[in-house]
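Got your viewer open? Here's a stop-by-stop walk, with something to select at each stop.

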Amino acid sequence: MGEPTIHDVAAQAGVSAATVSRALNGGLVKSQTRERVRAVAQTLGYRSGSSPRRSSTARAESIGILVTDIGNFYFADLFKGLLTVAHQHSCQLIVDDLNVENADEVVDRATAATAGQIVIAPRLEADMLRARFDPAKTVLVSRQLEGYATACADDREGMVQAMRHMASLGHRRVAYVGGSEGSWTNAKRREAFLACADQFGLESTILGPFEPSYGGGINACDAVMLEHDLTGIVVFNDLMATGLLGGLLERGVRVPEDLSLIGFDNSVLSRVVRPRLTTVDVRQERLGSSAMRILLDMLHEGQAEDDTLRGDQRQGLVIPEMLITRDSTAVPSAKSR
């Protein structure tokens, strides 16, 4: 009789060969499954560890992380959440940026080299996402698409808190400075802004779209300066809000005395600019850790030892948001700008 194979162990243990590989190499399986597989392997005299097996295991535990505009500060805390869970389960992360001309090649490399993918804030059309990513091994972050597991922030509730804050301070005319027209998140925030303006009896206007970057915020300054009687602004993200803040201050507009400003993300920028930025905390670290747990649970068929999610949670996990009040919002001055 020849040397026992991984398939022999799998057959006797009543699991798949992939589960045997994870159990013997520190992957994500239930503790009782790991012990059963190890006992069977010892009984059969099976030894893992050859180069081919290590290569297969490495691929099985590699996760592709695809982002849009990797230079955005938004992703720093999100990556912390991804990495925390990845380290707990001995996963290797392969990171790449979709905001490039050869995005198709980036996707091809990632899907070929990894067992599953987490796609963060993709601006790709729905048909393109469906054509390039297998819903059985893909989690979308900050994007919803039927048939795909998702982890999203509750932008509706975040906007309610932001607009309620504006109304409570006495603002009556407010604007939303929007990001990219192709952004799913921007569309959701814009929709929520308009609904909340009606809810709190505020006059509203939409400015944009602008590039969701520091430069985009500076460019938005021109549009803001042309608006009369405007006292409050909600901006798509902190990066844009910081650029807009700088542009306003250069033109002699006082923040918050003349204009109150609210961003989204609660990134490090919101804490270091002056005045410090009132912003909506979308809890990126929790988004990242939740997305990784969802993907591992999908790939390993519910064999995670902790935080196993129900099927309905996998399809649409929503993370609550919270307004962080700092120095860029105040009661509007008596003298209109």
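What volume does the largest cavity have? About 320 Å³. Keep in mind as you look around that this is a predicted model.

**Stop 1: the largest cavity**

Start by selecting Y74, A121, S183, T185 and F236, the residues that lie nearest the centre of the largest cavity, out of 23 that line it. Now colour α5 (74-88), β5 and α9, since each of these supplies at least two residues of that lining. The largest share comes from α9, with 3 residues. If you're thinking about the chemistry of the walls, the lining splits into 10 nonpolar, 7 polar and 6 charged residues. In total the structure holds 2 cavities of 30 Å³ or more.

**Stop 2: the second largest pocket**

Keep α9 coloured and add the second largest pocket, with a volume of about 190 Å³. Which element gives the most to the lining here? It's α9 (184-199), with 4 residues. β5 (149-153) and α8 (155-169) also supply at least two residues each. For the full lining, select Q144, C152, A153, D154, D155, R156, W184, K188, E191, A192 and V318. Sorted by class, that's 5 nonpolar, 1 polar and 5 charged residues.

**Stop 3: zoom out**

Switch to cartoon for a moment. The chain has 14 helices and 12 strands, and 53% of its 337 residues count as buried. Of the contacts with a separation of 6 or more, 71% are between residues 24 or more positions apart.

**Stop 4: the six-stranded sheet**

Next, pick out the open sheet of 6 strands, with mixed pairing and the order β7-β6-β8-β9-β10-β12. Why do β7 (203-207) and β12 (322-324) each have one side without a neighbour in the sheet? They stand at the edges, so each has a single partner strand. Going from one strand to the next, the twist averages 20 degrees.

At the β12 edge, show β10 (residues 278-281): β10 and β12 pair in the antiparallel sense, over 3 bridges. Select V280 and you'll find L323 of β12 standing opposite.

Now move to the other edge, where β6 and β7 run parallel and are joined by 5 bridges. Here the pair to click is V177 and L207, with L207 in β7 standing opposite V177.

**Stop 5: inside β6**

Stay on β6 (173-177) and show its side chains. In a regular strand, side chains alternate between the two faces of the sheet. That's what you get here: R173, A175 and V177 point one way, while V174 and Y176 point the other way. Are these residues buried or exposed? All are buried. With 5 of the 5 residues of β6 buried, the strand is largely enclosed by the rest of the structure.

**Stop 6: a helix across the strands**

Add helix α11 (residues 238-250), which lies across β6, β8 (232-235), β9 (260-264) and β10. Relative to β9, α11 runs at about 155 degrees.

While you're on β9, select F264, which lies in that strand. F264 is buried, with a relative accessible area of 0%. Draw a C-alpha to C-alpha distance from F264 to A241: the two are 8.4 Å apart in space and 23 residues apart in sequence.

**Stop 7: backbone oddities**

Last stop: the torsions. Most residues other than glycine have a negative phi, and most peptide bonds are trans.

Here are the places to check:

- Step along from F264 to D265, in the loop between β9 and α12. D265 has a positive phi of about 125 degrees although it is not a glycine, and D265 is buried, at a relative accessible area of 4%.
- Go to S90, in the loop between α5 and β2 (92-97). The phi of S90 is near 55 degrees, again a positive value, and S90 is partly exposed, with a relative accessible area of 47%.
- Select G208 and P209, joined by a cis peptide bond with omega about 15 degrees. P209 lies in the loop between β7 and α10 (214-225).
- Finish on R274 and P275, which a cis peptide bond also joins, with omega about 0 degrees. P275 is in the loop between α12 (268-272) and β10.

Note on methods:
Residues numbered from 1 in each chain as written. Predicted model: local features only at pLDDT ≥ 70, side-chain atom pairs only at ≥ 80, totals over all residues. Heavy atoms only, no water. 1 Å grid on protein atoms, 1.4 Å probe; cavity = no way out; pocket = protein on both sides within 12 Å on 5 of 7 lines; lining within 4 Å. Points joined across faces, edges and corners; volume = space filled by probe spheres on them. Nonpolar A, V, L, I, M, F, W, Y, C, P; charged D, E, K, R; others polar. Pairing = 2+ DSSP bridges. Axes fitted to C-alpha atoms, helices over the stretch in contact; angles between N-to-C directions. Contact = heavy atoms within 4.5 Å. Buried < 20%, exposed > 50% of the residue type's maximum accessible area, 1.4 Å probe, protein only.
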